[in-house]
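Colleague: Could you take me through one part of this predicted model in some detail? I'd like a close look at a single strand and whatever is built around it, in one go if you can.

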Amino acid sequence: MIHIKISKTLEKKIRQGYPWVFHYQVQNEKVEGKPGDLAVVYDSKNQFLAIGLYDPESDIRLRILQTSNPVDIDNCFFEERLNRALGLRDNFPGEGTTGYRIINGENDGFPGLVLDRYEETVVLKLYTSAWVPYLDTLITLFKKTLSIKRCVLRRSRKVAALKGISKKYNEGHLLFGDKLDGPVRFKENGIDFEVDVIAGQKTGFYLDQRDNRQKVRLLSRGNSVLNVFSYTGAFSVYAFAGGASSVLEIDSNSVALAASRKNLRSHFLNRNFSVEEFSQMKADGFDALSELELGNQEYDLVIVDPPAFAKRKKQTNVALNAYMKLAQAGAKVTKKGGILFAASCSVHVQPPSFFKAVFLGIRSTGRGYEEISRTSHAKDHPFIFSEGEYLKGVFCKIN
Ligand code: SAH
């Protein structure tokens, strides 16, 4: 088994639950191993500290599976972890939700692995090829534990670029079950959605925004809604379900906009939306907001949920500036007394800095605001370390 030496500082962090060892933190000169090999970390007193999955192809060289007491990493280990994760989510079906995250990576004890359920389909997304040797074990476990029809494999961009796994496990590879002949249907808080689990972003749907969508539903009655970065229209369908008078969507991706129209049609089967009620702009979010401002357009509720602006730490300041600008542009098209919801999913932007940027953006318009609430992930996205807490949002009343 591989042995890895680390500093005392990192040792302390790992004891507190930090789940990664980066390549530059490995202190032994030569470590040899394949993706997925088990590696043990000993503490400064030469006692067992942690065991994890080794990945020579990733900057995150070791992803910790277990700390404090040594255990066998076998089928029972993974089964126990999965059952624990399921226990945290067992009330979803009762709430009318059949699309939710079953495993949230390191935060549920499966570092670098996400498992999302869409009714009877699960999507397994890998952020490291270290899980490839365990795929058979996982498939057997999923078949035994979850009542599902199929399991689709998705890989992060970095994993997709690796030669070793790209041939056998291409994007959207069916790990087991019946072939899909179209999108998968599921429910979220009683609302019907369709998701493209093979080509859609992430695993096809942004499940992490569920609670914020529910808030939007409650704030929508009789209101005009602007949904910027609308993707497949999840916020829009909730807004109409909550009684919104109109929704305008903005997104640069025409496939997402088409999927959004379909989601609206499939939830509101007997309703024909007029152009005054529902419309879309295929445009850059920043440009479209300026255009709306120039045309003196204003909305009761403005949702701004952009893609991650800081994928690397270096980009943090650029991202904060973009969040500030978006909040400014969003506030400008919010009616007096209306509500702006701004969100960020950038890992490298900490919640306090994000909120500060949003408030700065609103204030720069000369308008006053009242903070209504700050929000985070839905409960199927627990986090055990700061990198796991990526989603932050804030609802503000604009005066
Ligand atoms: N709010 C959505 C998720 C948004 S994901 C939901 O709840 O499902 C971010 C979206 O922004 C994607 O659909 C992507 O196509 C879109 N996007 C990315 N860059 C953009 C840009 N510059 N202008 C407009 N849309 C953009």
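Modeller: Let's start with the side chains of β13. Ser224, Leu226 and Val228 point one way from this strand, Val225 and Asn227 point the other way, and all of them are buried. In other words, β13 is mostly covered, with 5 of its 5 residues buried. Keep in mind that this is a predicted model.

Now for the neighbours. On one hand there's β14, residues 246-251, which pairs with β13 (residues 224-228) in the parallel sense. That pairing runs over 5 bridges. If you want to find the register by eye, look for Val225, which stands opposite Val247 in β14, and then for Leu226, which stands opposite Leu248. β13 also pairs with β16 (residues 299-304), again in the parallel sense, here over 4 bridges. Asn227 is a handy marker for that pairing, since Ile303 in β16 is its bridge partner.

How does the chain get from β13 to β14? It goes by way of helix α7, residues 234-241, and the three elements make a right-handed β-α-β unit. Before the helix comes a loop, and Phe229 sits in that loop between β13 and α7. Have a look at its backbone: the phi of Phe229 is near 65°, a positive value in a residue other than glycine. Phe229 has a relative accessibility of 18%, so it counts as buried, given that the cut-off is under 20%.

The helix itself is mostly covered too: 7 of the 8 residues in α7 are buried. Those are Ala234, Phe235, Ser236, Val237, Tyr238, Ala239 and Phe240. After α7 comes Gly243, and here the phi is positive once more, near 95°.

That brings us to β14, where 6 of 6 residues are buried, so to speak a mostly covered strand. Both of its faces are covered. Ser246, Leu248 and Ile250 lie on one side, while Val247, Glu249 and Asp251 lie on the other, and every one of these is buried. It's worth pausing on Glu249 and Asp251, which are among the buried residues of this strand.

β14 has another parallel partner in β15 (residues 278-282), and 5 bridges hold that pairing. Leu248 is the residue to follow here: its bridge partner in β15 is Ser279. The chain makes the crossing from β14 to β15 through helix α8, residues 254-267, and this β-α-β crossover is right-handed. So Leu248 is a good place to centre your view: it has Leu226 of β13 opposite it, and Ser279 of β15 as a bridge partner.

Back to β16 for a moment, and on to what follows in the numbering. Val304, in the β16 range of 299-304, is one of the residues lining the largest cavity. The others in that lining are Pro306, Tyr323, Leu326, Ala327, Ala342, Ala343, Phe354 and Val358. The structure holds 1 cavity of 30 Å³ or more, and about 30 Å³ of space lies in it. Three elements each supply at least two lining residues: α10 (316-332), β17 (334-344) and α11 (351-363). Of these, α10 gives the largest share, with 3 residues. The lining divides into 9 nonpolar residues, with no polar and no charged ones.

If you'd like a contrast with the parallel pairings above, look at the open sheet of 5 strands, whose order is β6-β7-β8-β9-β10 and whose pairing is mixed. At the edges stand β6 (99-104) and β10 (173-177), each with a single partner strand, so one side of each is left without a neighbour in the sheet. Neighbouring strands in this sheet are turned by 20° against each other on average, direction ignored. β9 (residues 150-155) and β10 run antiparallel, joined by 4 bridges, and Leu153 has His173 of β10 as its bridge partner.

One last backbone detail, to set beside Phe229. Lys202 also has a positive phi, near 55°, in a residue other than glycine. Lys202 lies in the loop between β12 (191-195) and α6 (210-219). Lys202 is partly exposed, at 44% relative accessible area, whereas Phe229 counts as buried.

Conventions
Residues are numbered from 1 along each chain as its sequence is written. This is a predicted model: local features need pLDDT of at least 70, side-chain atom pairs count only at pLDDT 80 or more; totals for chains, interfaces and linings use all residues. Side-chain values use heavy atoms; hydrogens and water are left out. On a 1 Å grid over the protein atoms alone, a cavity is a set of points where a 1.4 Å probe fits but cannot get out, and a pocket is an open set with protein on both sides within 12 Å along at least five of seven lines; lining residues have an atom within 4 Å of a point. Grid points are joined across faces, edges and corners, and a volume is the space filled by probe spheres set on the points. Ala, Val, Leu, Ile, Met, Phe, Trp, Tyr, Cys and Pro count as nonpolar, Asp, Glu, Lys and Arg as charged, and the others, Gly among them, as polar. Buried means under 20% relative accessible area, exposed over 50%, partly exposed in between (1.4 Å probe, protein chains only). Two strands pair if DSSP finds at least two bridges between them. A crossover is right-handed if, with the strands pointing away from the viewer, the path from the first strand over the helix to the second runs clockwise. Axes are lines fitted to C-alpha atoms, for helices over the stretch in contact, and angles run from 0 to 180 degrees between N-to-C directions.
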